[in-house]
Amino acid sequence: MNDPLTLPEVARQAIAVFRRAALADSDAAISVGWAPGRMNIIGEHTDYNDGFVLPAAIHRLVALAGTPADEPFATLYSANHQAWARVPLGDDVAFAGEQVPLWARYVQATWRQLAMLGSVPTSAGFKAAIVGDVPLGGGLSSSAALEVATAMFAQSLGGRALPPLDVARACQRAEQAGADVAVGIMDQAASCLGRPHSAMLLDCRALTFTYVPIPEDAEWIVFDTGAPHTLATSGYNSRRSECEAAVAHLAPVLAHETPGRQIHALRDITLADLTQHSALLDDVLLQRARHVVSENMRTLAAAEALQKCDLAMVGMYLNQSHASLRDDYEVSCFELDAAVDVALAAPGTFGARMMGAGFGGSIIALVRPESSAKLCERLVSEYPRRTGRNGALVPCDITGEAGIQAASWRA
Ligand code: GLA
């Protein structure tokens, strides 16, 4: 149980918004659940290939504050969108569909996933206010934070607590249903399991993880390019299909060569396999597979370098990751490349890369603390000159953690 005085600011704001929006009877006790956004140090587009990722939860959160309700609906107010929504929760009503705003669909879809696992509270529905300071569409997983915050809120209302990775999987399914994108587990796992001052090396097949302490003698700069995510949904789903197609071409041949060898995903394939059997793949599939296979290696190596506080090495892997995402996976864009170039040209930068799914969104750069102010200045002044867009620095501390405060606030 959290001491009300140490509730995160966003959770307090959600309670205040809930009160102001007069969503509750004056004597109702308000519960609150919250969850963080994430940055990803490395391991991009590897999660849905059964690979490795190294995300870290940031101090930016989404919180839901509210009360149970007797009718099978969620009555929601989003402070960020300044909008209301009322969505059905029962299993007998069809999925909310397009007429419901996306943010409300995420809440609805998460609730339904939790209901299937028997971990929603006994009340038929709920009323909640939603507040967040994870930038929307900036590649910091605001939607995963919203889903996991919904799950935490369900728990704060008395829903049965599930193991965090079961919550992450339920939230991943909710994201897939809500946004129609076949996302992997990384964002929801990071939001559920992130710990302050640590990155999390997650094996997305075994769903096992270790925490890697974040060295104090470097800073992580996140810069949102402001580039629109126009191709994000179709681009993401087509990359995923291409990875599956590459496995389908390679698996029978590799299994025939080495009887008993199990090949279910690009995780099971090596760079040597790709070199030896490049003729089985067209150029595009070869590029996609090469990115994933090499990114898995970089992720493991970067986690080890981080553990050893070898920041120059971590930076080198970030740079290689960017080149691979740009040239082989083709999910970068002009703005992301420009921001990375500006960051790399600044003295004291260990490395930089696009972060998240790509097609817009943010970059991260790893920089010496004494050089970080200069780097930020350069991004703010040079990036608009190069791209004609105003990007924005998004200060992020690696101090996020999901949490709840059950029914102790009087409206
Ligand atoms: C999005 C998805 C994740 C992951 C990244 C790319 O953030 O939600 O599952 O695939 O893109 O690494």
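How many helices and strands does the chain have? The model, which is predicted, shows 11 helices and 12 strands. The paragraphs below go from the whole chain to one strand and its partners, then to a sheet, and finally to some single residues.

The chain has 411 residues, and a compact globule of that length would have a radius of gyration near 22 Å; the value for the chain is 22 Å, so the two agree. Along the principal axes, the C-alpha atoms fill a box of roughly 70 × 55 × 40 Å. Of the 411 residues, 58% count as buried. The accessible surface comes to about 16300 Å², and carbon and sulfur atoms account for 53% of that surface. Contacts across the sequence can be described in a similar way: among those between residues at least 6 apart, 73% join residues at least 24 apart. As for charge, there are 31 positive and 44 negative side chains, and the centres of these two sets lie 2 Å apart.

Strand E6 covers residues 198-203, and six of its six residues are buried. In a regular strand the side chains alternate between the two faces of the sheet. In E6, Ser198, Met200 and Leu202 point one way, while Ala199, Leu201 and Asp203 point the other way. Residues of both sets are buried, Asp203 included.

Which strands pair with E6? One is strand E2 (residues 52-69), which pairs with E6 in the antiparallel sense over two bridges. Within this pairing, Val53 has Leu202 of E6 as its bridge partner. Another is strand E7 (residues 208-213), joined to E6 by six bridges, also in the antiparallel sense. Here Ser198 stands opposite Pro213 in E7. E6 and E7 form a hairpin with four residues between the strands, and in this hairpin Leu207 takes a positive phi near 55°.

Helix H8 (residues 283-307) contains Thr299. Is Thr299 buried or exposed? Its relative accessible area is 0%, so Thr299 counts as buried. Leaving aside neighbours within four places in sequence, Thr299 is in contact with Ile42, Gly43, Phe52, Val53, Leu54 and Leu201. Two of these contacts lead back to the strands just described: Val53 is the bridge partner of Leu202, and Leu201 is one of the buried residues of E6.

Strands of a sheet pair through backbone hydrogen bonds, either parallel or antiparallel. An open sheet of four strands has the order E9-E10-E8-E11, and its pairing is antiparallel. Strand E9 (349-354) and strand E11 (392-393) are the edge strands, each pairing on one side only. E9 is joined to strand E10 (residues 362-367) by five bridges, and the two run antiparallel. Across this pair, Met354 stands opposite Ile363 in E10.

At the other edge, strand E11 holds Leu393. With a relative accessible area of 31%, Leu393 is partly exposed, because the buried class ends at 20% and the exposed class begins over 50%. Leu393 and Ile363 are 30 residues apart in sequence, and their C-alpha atoms are 9.8 Å apart in space. Beyond neighbours within four places in sequence, the contacts of Leu393 are with Ile221, Val222, Phe223, Cys376, Leu379 and Val380.

Two more positions remain, one in a helix and one in a loop. Ser142 lies in helix H3, which spans residues 142-156. Its relative accessible area is 15%, and Ser142 is therefore buried, under the 20% cut-off. Not counting residues up to four places away in sequence, Ser142 touches Val62, Val134, Pro135, Leu136 and Gly137.

Ala79 is placed in the loop between strand E3 (73-78) and strand E4 (83-88). Why does Ala79 count as partly exposed? The relative accessibility of Ala79 is 24%, and partly exposed means between the limits of 20% and 50%, so Ala79 falls in that class. Apart from neighbours within four places in sequence, Ala79 is in contact with Val17, Ile130 and Val131. Ala79 and Ala145 are 66 residues apart along the chain, and 15 Å separates their C-alpha atoms.

Notes:
Residues numbered from 1 in each chain as written. Predicted model: local features only at pLDDT ≥ 70, side-chain atom pairs only at ≥ 80, totals over all residues. Heavy atoms only, no water. Buried < 20%, exposed > 50% of the residue type's maximum accessible area, 1.4 Å probe, protein only. Contact = heavy atoms within 4.5 Å. Rg over C-alpha atoms; globule rule 2.2 N^0.38 Å. Areas by Shrake-Rupley, 256 points an atom, 1.4 Å probe, with all protein chains shown as cover. Lys, Arg positive; Asp, Glu negative; His and termini not counted. Charge placed at Lys NZ, Arg CZ, Asp CG, Glu CD. Pairing = 2+ DSSP bridges.
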